[in-house]
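Colleague: I should like to work through this structure with you, one question at a time. Might we begin with the ligands and then turn to the chains?

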Amino acid sequence: MAGAEPLVALEGVAKSFARRLLVQNRSFALSGIDITINRGEVVGILGESGSGKSTVANIITRLTGYDSGRYLFKGRDVATLTRKESFAFKSDVQIVFQDPYGSLNPRATVQSSVMESLLLHKRELGKAERIARAGQLLEEVGLNAAWGDRYPHEFSGGQRQRVAIARALAVEPELLVCDEPLSSLDVSIQAQILELFVRMIRERNLTIVFISHDVNVVRLLCDRVYVMNQGRIVEQGQARDVLSRPQNEYTARLLEAVY
Amino acid sequence: MAYVAQRIVFSILSLFVLLFITFLLSHVVAGDPAIVAAGPNAGAAKIALLREQMGLDKPLLTQFAIYCGQILQGDLGTSWFTRQPIASDVLRELPPSLELVFIAMLINLAVSLPLGLLTARYAGSRFDDLVRLGVMAGAGLPVFWIAIILQQIVAGRWQLLPTAGRLGFANREFSGATGFYLFDSLAAGNMNVFLDTLAHLVLPAFALSLLFTAVGVRITRTAMIGEFRKDYVTLARAKGASEPRIMFRHVFANGATPALTVFGMQFGWMLGATVLVEEIFGRPGIGRYAVKAVTQSDIHAVVAVVFVVGVVFLLANLLVDIALYVLSPRKQQRA
Amino acid sequence: APTGTLVIAENETPENLDPANATNSTVDELLLGAYDPLVQFSAGATEVTPRLAKSWEISPDGLTYTFKLRDDVLFHDGSKLTAEDVKFTLDRLKAAAANVLNDMGPYASAEVVDPTTVKLHLSAPFGPFLSALSRIYVVNKALVEPHMGDDHARQWLSVNEAGSGPYMITAYNPTESVTLKAFDKYWGGWDGNHVAEVVFRYITEPSTQLSLLKSGEVHIAPDITVEDKIALKTEPGFVVDVGAAATPLFFDFNTASKGPTGNKKFREMLSKTFDRQLHLDQVLMGFGALPDGPLPANWMGHEAGTEQAFDLEAAKKMVEENGWKGTTLTVRYLPAILEEKAAVEQLQSNLAEIGITLNAEGMTWPAQAATLQKVETTADINMIYSFPVFPDPHAILNATFNGALTGAKGGYNWAQYSNPDVDALLNEAASSSDSAKRAELYKKAQKLIGEDYVVITVSNPGSVVALSDKVEGYKYNVAHHQTFNYMDIGLKP
Amino acid sequence: MLRLLTLPKTNIERAAVILALIVILVAIIGPFVTPYDPMQISFRSKLLAPSSMHWFGTDGSGRDVLSRLLHGAQLTLSATFFVLIAGVVIGCTIGIFSAFVGGAADNALMRLADIWLGFPPLILALGFASALGASLQAAIWALVFSWWPNYARLSRMVTADILSQKFIASADALGVPLHRKVFRYVIPNAFDVLIVQVTLDISAVMLAISGLSFIGVGAQIPQPEWGAMIADGRSYVANGWWIVLAPGVAIFLTALAFNVIGDMLRRELDPTSRRR
Amino acid sequence: MTHPTLAPEEPLLKVEDATIALRVGGRTMVSGVSFAVNRREVFGVVGESGSGKTLLTRTLFGLQDDARLTAGRVTFEGRTLPLEGYGAAVRGLLGHAIGYVPQDPFSSLNPSMRIGKQITEAIYLAKGWPMGAERTREAAIALMAEVGIPEPALAFDQYPDQFSGGMRQRIVFAIALSQEPKLLVADEPTTALDAITQRRVIEMMLDRSRRHGLAVILISHNLELLRQSVGRIAVLYGGQLLNIVPAADVGTHAAHPYTEALFACIPTREKALADIRSIPGEPVGAGFGTSGCAFASRCAYAEPVCLTAPLPLNAGITSGFSACLLGRGAQ
Ligand SMILES: Nc1ncnc2c1ncn2[C@@H]1O[C@H](COP(=O)(O)OP(=O)(O)OP(=O)(O)O)[C@@H](O)[C@H]1O
Ligand SMILES: Nc1ncnc2c1ncn2[C@@H]1O[C@H](COP(=O)(O)OP(=O)(O)OP(=O)(O)O)[C@@H](O)[C@H]1O
Ligand SMILES: [Mg+2]
Ligand SMILES: [Mg+2]
Ligand code: NI
């Protein structure tokens with residue numbers, strides 16, 4: 001992919017959370033990180049709890065801002081996007097969260113949750129078409145389209161995660177950010193969703209940022225990996241290399257601790 | 001200490017909100033305060049004079065500043081009804097009410113804490129169901145109604161307790177330095193008066209406390225039940241600690257803290273609710289004074305009561321919070 | 001020597017102790033024993049008798065009254081009462097524009113002749129002047145003067161007592177109780193059976209008053225319900241005293257109103273809508289006299305038949321003829337007084353039947369008084385008792401109907417009624433001392449008032465008081481309605 | 001409404017639901033089914049003890065207590081519901097706004113609500129009512145005035161809780177516009193918590209209104225508001241205990257019924273007791 | 001029932017055919033569970049979320065109020081605990097004989113009690129005050145040092161909120177160990193901790209067990225963790241105990257089909273993507289309420305009999321066992 005423009009480029013992005021009003025006691029979530037994601041890549045971000053992984057995900061999807069540095073999306077600095085372009089950006093980048101119980105509106109049927117994506121970003125579709133598309137998407141992620149009029153609480157965790165993925169895919173994003181999509185699922189379901197990801201990566205031309213603290217999953221799924229610790233990127237490179245011959249001392253310790 | 005400072009700052013802020021509310025009541029909602037202050041039968045000239053004296057020709061913000069200044073100097077205005085400085089009226093009426101609330105609070109705590117703890121421990125049991133029904137019933141009883149009924153039956157029909165007043169006839173001469181008869185009588189070593197005061201307090205305090213006790217039990221139960229679900233209870237059981245030990249050594253201290261914060265607030269609310277019982281039991285007090293003032297359209301006196309009750313409320317909360325903070329070992333966490 | 005303690009229940013708390021407020025019975029009953037007036041109406045008397053004044057002379061033109069004072073009167077602080085104190089008292093009341101002076105007519109000034117002689121000057125002759133003086137309580141100048149300030153010592157006298165009467169106010173807790181103790185150096189001496197101490201306990205609830213009376217904690221309970229009083233009549237240990245009161249209760253129509261009550265015809269209709277007989281029978285349970293016009297029927301100068309009889313049919317016809325259906329009126333009254341409430345409910349109920357809505361606003365006396373300061377804030381109908389300060393037609397008619405004493409002018413003419421012919425008749429009657437002539441003038445005035453449909457005289461209630469049978473010497477005093485002659489009362493052992 | 005009938009688990013809850021429905025029904029049709037005119041004075045039949053003619057007796061002015069009770073249900077309940085609805089509308093607008101803007105404005109608003117909430121509502125209402133003049137309307141507004149912070153705080157807490165959930169973040173990632181977020185996401189999800197709280201508050205508000213009427217700053221004669229009826233009857237407790245008893249029991253039972261229902265709703269609807 | 005001759009060493013804890021039902025409603029949540037833990041053995045229990053691991057252990061050790069043992073036999077150190085009044089009987093063993101470490105280190109310490117106090121309280125409850133306050137304190141401090149708390153003397157007087165999750169979990173261990181129990185039950189003691197801390201805590205526990213001869217029941221949903229840490233693993237699924245398998249046999253055909261399938265789901269160091277195979281369908285939770293094998297609906301080998309036949313009761317509870325109706329995975 002050399003030469004091609006990266007899809008996402010974070011350059012020295014930093015972010016801190018103010019802890020308390022007045023008191024100058026800032027905890028740094030991120031301190032000046034650089035991340036590049038090329039089209040078609042599956043990039044893993046590894047790190048322990050609190051290392052700043054979710055913050056990166058939120059910055060990439062523009063759910064949160066950053067204090068300094070630059071974020072280039074398809075070469076454009078996102079800070080310069082107009083309102084309209086910002087809205088369009090949202091159909092290019094989608095996110096799947098960890099907690100399948102919180103990531104769907106409990107008061108909307110799963111079908112309408114999926115259709116909402118279409119309603120907002122595929123305005124050209126009529127209602128019947130939207131319903132058809134939603135059914136199609138549900139089938140694609142391994143759910144029965146006839147279940148569309150059910151509410152999230154009628155589904156298991158794994159099924160909800162499938163709905164969340166269908167909802168994200170509905171707008172046909174170029175980049176899918178997955179923030180620990182497996183970690184709150186049962187072991188046997190984790191494997192199912194993992195297989196779903198593998199299939200999607202194969203079938204769709206998706207670029208994926210896969211955030212996880214599970215070294216083994218990242219090893220299996222990702223091309224490239226960033227290892228984070230305390231808001232910094234401590235190591236990066238091809239997944240195979242980094243995870244078998246870690247250069248960084250922290251990475252080594254992490255790998256060693258993993259069962 | 002930062003926590004204490006923060007609480008004090010918050011209380012001071014609250015005081016200003018309180019001042020703002022009372023200012024609103026007396027200067028905006030009630031209409032022209034000069035007319036109100038002048039009282040009936042005042043001529044136009046007097047009203048005009050008052051208007052100037054009270055600074056009512058100035059902008060509202062200046063008026064508010066003047067108002068705050070006056071009140072912070074302890075000047076609550078003059079009652080056109082009793083013609084006395086309201087501050088001295090209120091100071092006279094406060095002790096009997098506080099005494100009443102104090103006893104009602106004791107009843108409340110004495111019932112709520114153990115009952116809350118026990119129902120939390122035996123949540124879901126028949127006993128718990130029964131208490132919960134009692135709590136919901138208690139929370140539905142009109143204070144003034146139960147006061148009338150109690151007075152008629154316990155004092156009237158059974159003659160078990162005195163009907164009305166603060167002291168029995170034989171002790172009518174009694175007076176003390178603080179106005180808190182319970183305290184004054186003890187200080188004077190007069191057990192007779194002490195018991196008499198107490199007897200006169202039982203019915204009104206009980207009537208007053210019912211509603212609050214119902215809420216108190218519920219809150220204590222909720223707080224305690226949360227504690228019982230925590231793993232440290234499991235760990236204590238696993239250590240082999242006995243149930244009483246778990247309840248009193250472990251759960252109680254942790255669950256009582258949030259409950260006590262609410263009891264602090266209840267103190268103020270109870271003081272407000274004295275309006276419903278004092279008149280029925282013919283007791284002097286801030287509640288009766290307030291009702292009187294309302295019916296006399298003595299708006300300044302009413303507003304003063306609102307203010308004073310608010311201040312007592314703030315103080316009670318501040319004291320409870322600081323006490324909890326000082327007693328609590330987990331200083332970092334609370335700060 | 002006086003012994004024992006008399007406890008009296010009272011439903012309304014006193015505003016203050018200021019003699020300037022002596023028109024208010026709750027205040028008056030405390031001052032009655034604590035202060036001395038120049039002359040007094042004793043319980044049962046129809047004429048004034050000497051008190052501080054040993055004797056008096058009236059100048060032939062009726063403009064100067066000269067009083068000879070007793071020289072053995074001591075104030076409670078031990079100092080001697082002199083003519084200076086009398087002058088000071090009246091000067092202060094005048095300067096403070098006190099309500100008690102409303103009934104003093106054209107009183108002008110006081111003059112000290114010598115320590116035991118004081119002259120009072122009037123700007124015009126005024127028949128009931130002596131009677132009116134019975135409410136002027138003489139204060140101790142030496143004590144009060146330092147507190148005059150710019151409020152004429154109102155604040156100080158509100159909580160302090162400076163009198164010379166048989167009893168001293170020793171404890172004043174206005175929401176709870178007031179205690180008076182016998183003054184052992186009282187000039188009148190303490191012969192006979194008297195109590196050493198009087199306690200007023202302020203108990204709002206009639207039912208509580210009843211309980212306390214029954215348990216012996218109070219000796220006199222005036223405010224329990226009529227039904228309870230009737231029940232007590234037959235109960236051993238209690239006495240129910242019925243005094244022939246002269247305190248007519250009025251519905252005052254706002255005659256100056258721009259609303260419906262400004263219309264005489266409308267008022268005519270209204271004045272037919274109240275059944276006095278029913279009120280007397282069922283609310284007062286027969287305690288009282290059926291009113292026939294504003295003056296009690298046995299009073300000098302009473303004119304019969306000036307007011308409309310109850311005739312709801314006729315009223316209904318008038319409403320229909322004039323298209324008054326759907327009118328909404330407001331009445332203000334004192335909810336603490338059960339009779340007032342019952343009367344309002346009765347009127348509401350009757351008016352509802354003929355298609356008129358009557359909203360009621362319960363208020364207290366001073367609050368209601370405050371609304372009378374302007375015609376615009378005056379309700380369509382106000383309820384008011386006339387408590388005549390002395391038993392003379394003037395005390396009722398002048399206070400209630402004189403255009404100079406409208407509510408807007410600070411008086412008790414709450415109908416805001418102003419008829420120059422009536423005013424002239426009342427003034428003429430006041431300045432005369434010829435009884436027959438006065439009676440004639442008052443009759444004329446009543447006719448005119450009746451033709452203007454100013455008020456409905458609701459009732460002439462008796463004063464019904466429940467007492468423990470230990471109480472000896474209680475007597476109803478028409479001139480001091482709703483008070484108690486505790487200085488004459490003794491307790492049976 | 002139908003759902004309400006399927007929720008009760010115990011006999012007490014069933015009884016409470018039935019009682020509440022009866023009370024609401026009475027509040028709606030009560031004024032039309034009174035056996036006697038509730039305002040009609042009839043001194044000749046005053047203070048009659050309960051009998052087959054007058055089930056709950058008559059009061060000091062000879063009015064049928066049952067008729068007044070039935071008529072008063074409408075007055076009492078409509079006043080209560082008005083306070084609650086106005087309180088909810090005002091409180092929730094402020095609360096939801098506060099949660100959305102966050103930051104200093106949020107902080108200030110919530111501190112204000114905290115402080116406001118602290119003051120004894122009865123006293124605050126008393127002050128307000130006396131400033132406005134005594135009437136049922138004044139009492140109602142006085143209570144709204146002192147009640148809104150409850151809902152401001154609650155709705156702000158619930159909204160903040162909802163806003164912190166991931167489904168809001170996914171809505172943000174999709175670019176869901178604000179109004180849709182408020183009406184499709186926040187309000188439906190906050191509804192259950194609010195309805196539980198409102199149900200539990202019914203008794204408190206009802207008690208407060210009748211308390212204000214009792215001390216004379218609420219309903220005026222001849223309005224048969226239940227608290228005012230108690231105030232009315234208290235002079236007669238010695239020889240007309242039923243006048244005080246009937247409205248007191250009515251308040252008590254209504255409050256109890258709504259408390260039980262509130263408790264039941266909390267069990268059934270409150271997400272904190274349901275979420276895993 | 002007649003017993004075969006006991007092995008030379010009798011197991012420390014023996015659970016036979018334990019059935020657990022909820023007190024309210026009486027639903028059976030866990031049925032027919034048998035296993036035995038030998039002295040000094042580290043015994044693992046694995047199962048997906050909701051399979052009943054916590055419910056089983058908490059009920060067995062008298063810590064669950066709302067469930068009870070309705071059938072079965074529990075023997076501890078050769079003493080059989082009566083089924084009637086089981087809770088009270090087993091509570092008598094807690095502390096001095098059986099220790100328990102709850103899952104969440106953040107709530108398992110009393111926040112308003114100094115941690116030293118919490119440890120000495122445990123010592124007092126297990127042994128009284130045989131050695132006096134001062135010695136007890138020293139013992140507690142020594143123990144804290146042993147579980148790896150830096151500056152234990154200082155920590156003694158501190159409150160729980162002054163410690164990180166890992167430290168707190170060590171303190172909880174110290175509390176349990178201070179009573180010198182014979183059996184330690186740890187319910188997912190490390191799931192709330194990050195990977196590095198997790199490994200440290202587990203190793204600390206294993207080390208302690210080795211050195212003091214402490215028997216441990218380690219509950220986890222992490223099969224890989226157990227495989228590397230314990231000797232035998234009991235596999236729970238839907239409230240049934242399907243397999244007791246030596247750790248070495250996990251991932252081979254020597255295990256129950258579920259154990260095999262579960263292992264196939266887990267990405268490990270060694271596996272390639274192709275080695276990962278998911279189990280179709282949704283896991284059933286404890287108390288699923290049908291007869292037959294709980295796993296039958298998802299099992300690749302299932303035959304009709306699996307849906308209906310009662311599971312075999314396990315006799316050989318001190319070694320391996322497979323509940324497979326088709327005889328798979330049985331030695
Ligand atoms: N809204 C916030 N306010 C304050 N601090 C925050 C906020 N969000 C995150 N942080 C802090 O920023 C740091 C990084 O958080 P982040 O959620 O990005 O970590 P993470 O690697 O995703 O952790 P996890 O594995 O637990 O999800 C943490 O120390 C966290 O406490
Ligand atoms: N008191 C109870 N009442 C009803 N159901 C319960 C109760 N306790 C547990 N359960 C149910 O029993 C099943 C087993 O729960 P348990 O907590 O034992 O599972 P677990 O294997 O420990 O899972 P996890 O890995 O999530 O801790 C779950 O489905 C749970 O919902
Ligand atoms: Mg994260
Ligand atoms: Mg568990
Ligand atoms: Ni056997």
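**Ligands and chain contacts**

Colleague: How far does a polar side-chain atom of E:K53 lie from an oxygen atom of ligand 2?

Modeller: This is a predicted model, in which local features need pLDDT of at least 70 and side-chain atom pairs count only at pLDDT 80 or more, while totals for chains, interfaces and linings use all residues. Residues are numbered from 1 along each chain as its sequence is written, chains are lettered from A and ligands numbered from 1 in the order in which they are written, and side-chain values use heavy atoms, with hydrogens and water left out. Between E:K53 and the ligand 2 oxygen atom, the distance is 2.8 Å.

Colleague: How much of ligand 2 does the protein bury?

Modeller: An N or O atom in the side chain of E:T54 is 2.5 Å from an oxygen atom of ligand 2, and a backbone N or O atom of E:G50 lies 2.8 Å from one. Taken alone, ligand 2 exposes 630 Å² (accessible area by the Shrake-Rupley method with a 1.4 Å probe). Of that area, the protein buries 66%.

Colleague: Which helix gives the largest share of the shell around ligand 2?

Modeller: The shell has 14 residues (each with a heavy atom within 4 Å of the ligand). By class they are four nonpolar, six polar and four charged; Ala, Val, Leu, Ile, Met, Phe, Trp, Tyr, Cys and Pro count as nonpolar, Asp, Glu, Lys and Arg as charged, and the others, Gly among them, as polar. A helix is a DSSP run (H or I, at least four residues), numbered from the N terminus. The largest share, three residues, comes from residues 53-60 of chain E, helix α1.

Colleague: What part of the accessible area of ligand 1 does the protein cover?

Modeller: Twelve residues surround ligand 1, and A:S54 is among those that come nearest. A polar side-chain atom of A:S54 lies 2.6 Å from an oxygen atom of ligand 1, and a backbone N or O atom of A:K53 lies 2.9 Å from one. Of the 630 Å² that ligand 1 has on its own, the protein covers 61%.

Colleague: Which chains have the most contacts among the pairs that touch?

Modeller: Contact means heavy atoms within 4.5 Å. Chains C and E do not touch, their nearest C-alpha atoms being 48 Å apart. Six pairs of chains do touch, and the most contacts are between chains B and D.

Colleague: How large is the area buried between chain D and chain B?

Modeller: The size of an interface is often given as the accessible area lost when the parts come together. Here buried area is summed over both parts and uses a 1.4 Å probe. The contact takes 44 residues from chain D and 42 from chain B. Carbon and sulfur atoms give 84% of the buried area, which is about 3,700 Å².

Colleague: Which three residues supply more than any other three of the area that chain D buries against chain B?

Modeller: The area in question is the part that chain D buries against chain B. Three residues supply 16% of it, namely D:I115, D:F119 and D:I123.

Colleague: Which residue of chain D forms a salt bridge with B:R132?

Modeller: A salt bridge is a side-chain nitrogen of Lys or Arg within 4 Å of a carboxyl oxygen of Asp or Glu. The rule finds one across the interface of chain D and chain B. With the closest N and O atoms 3.2 Å apart, the partner of B:R132 is D:D263.

How values were computed
Buried area is the accessible area (1.4 Å probe) that two parts lose on being put together, summed over both. A polar contact is a pair of N or O atoms within 3.5 Å; within protein, one must be able to donate a hydrogen and the other to accept it, and residues adjacent in sequence count only if both atoms are side-chain atoms. Helices (H or I, at least four residues) and strands (E, at least two) are DSSP runs, numbered from the N terminus.
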